[in-house]
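Student: Could you take me through one part of this model closely, namely its salt bridges, and say where the partners sit along the chain and how covered they are?

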Amino acid sequence: MTGLHERLAPLLLDWWKVHGRRDLPWQKDPSPYRVWVSEIMLQQTQVPTVARYYDRFMAAFPNVTALADAPLDQVLHQWSGLGYYARARNLHCAAQIVRDEYRGELPSQFDVLMSLPGIGRSTAGAILSLAFAQRWPILDGNVKRVLARLFNVSGWPGSTKVAKQLWAHAEQCTPDRQVAWYTQAIMDFGATVCARSPDCGHCPLQMHCEAFRADTVAEVPAPRPRRNRPRRTTVMVLVVRDDDHAVLLERRPAEGIWGGLWSFPELPDRAGLVDWCLQKLGSVPCSEQVCDTVSHSFTHFDLDIQPIRVSLPLPVLRVMEPERWLWYKLRQPAEVGLAAPVDRLIETIGES
Ligand code: SF4
């Protein structure tokens with residue numbers, strides 16, 4: 001253990017008492033449930049965005065049972081705007097496990113928490129330290145960056161070797177006392193001072209920082225190695241029913257991209273469009289309009305969506321399996337989760 005491992009907590013706590021964020025919505029009444037929801041939201045989303053959606057979500061689902069009992073569609077709808085919907089599906093599933101197996105109380109044992117869907121090592125550590133005052137290290141994106149710089153750890157933190165080194169530093173830096181404050185402090189410090197563009201000139205840890213001393217701050221932590229991202233294309237069919245301003249949506253399978261969300265029906269290419277309309281809707285389109293391509297990036301690939309707006313002779317067949325198909329009324333939108341590009345396309349339909 002270096003001197004900095006022992007000194008980091010008191011130095012950060014001194015900084016946090018003056019500059020830390022202490023008025024975030026989930027810091028009021030940091031119950032295990034509230035902390036858990038906030039940590040899941042914060043996994044891939046910045047604090048200001050989470051702060052905009054958190055209270056609305058908590059008002060809809062004030063406790064584990066309310067969340068577990070709610071239909072998944074309603075949960076996905078309340079998650080709209082936060083993206084990465086797998087988190088919402090896992091949270092909902094985990095809430096049902098907590099309701100059924102732990103009488104609605106979030107467990108306070110590390111291994112049990114880690115067994116719940118959506119809770120990894122760092123999230124379990126954050127929940128246990130913030131809500132239960134137990135000594136567990138965390139290593140979210142901000143903390144990885146801070147520790148990589150303070151200890152000048154080279155390499156990409158996503159690699160097993162580098163992650164192992166950073167966890168070792170995180171473990172050694174976590175104090176026995178005031179662990180909740182320390183956890184909050186190191187997260188805040190990474191978000192505001194030792195950010196992607198670090199403010200080394202005003203940093204209270206500058207004289208202890210190995211990357212600063214070695215003049216490697218710009219290179220640490222190393223970015224994810226570049227890969228050629230594949231590009232895929234798809235056609236989305238925008239069937240618009242003009243008489244009641246509704247568009248046809250299809251529920252995506254539970255697994256895979258946009259799992260469980262509602263999306264426009266997809267076709268591999270335009271050639272099958274007429275057959276699809278005949279088969280699904282009982283008539284051939286009277287018009288087809290190719291709209292501007294919409295691009296969307298996923299973690300592992302980019303997707304180009306070619307939307308085609310079709311009009312069908314009235315009346316459009318209305319009887320379809322309600323579990324899978326939805327006529328989404330633009331003037332009275334149903335409370336369901338929509339894939340992000342679908343949300344954008346619906347806006348453009350509403351404007352036209
Ligand atoms: Fe981060 Fe710069 Fe402070 Fe080092 S000196 S901890 S790089 S802000």
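**Salt bridges in the chain**

Tutor: Arg229, Arg231, Asp302 and Asp304 are joined in a network of salt bridges, a salt bridge being a side-chain nitrogen of Lys or Arg within 4 Å of a carboxyl oxygen of Asp or Glu. The model is predicted, with local features needing pLDDT of at least 70 and side-chain atom pairs counting only at pLDDT 80 or more, whereas totals for chains, interfaces and linings use all residues. Residues are numbered from 1 along each chain as its sequence is written, and side-chain values use heavy atoms, leaving out hydrogens and water.

Within the network, Arg229 forms a salt bridge with Asp302, the closest N and O atoms being 2.8 Å apart. This pair links distant parts of the chain, since Arg229 is in the loop between helix H12 (210-214) and strand S1 (231-241), while Asp302 is in strand S7 (residues 302-311), 73 residues apart; helices (H or I, at least four residues) and strands (E, at least two) are DSSP runs numbered from the N terminus. Arg229 is partly exposed, at 37% relative accessible area, whereas Asp302 is buried at 12%, where buried means under 20%, exposed over 50% and partly exposed in between (1.4 Å probe, protein chains only).

Elsewhere, Asp73 forms a salt bridge with Arg251, with 3.2 Å between the closest N and O atoms. Here Asp73 belongs to helix H5 (residues 72-79) and Arg251 to strand S2 (residues 246-251), 178 residues apart. Asp73 is buried, with a relative accessible area of 16%, and Arg251 is partly exposed at 24%. A search of the whole structure finds 12 salt bridges.
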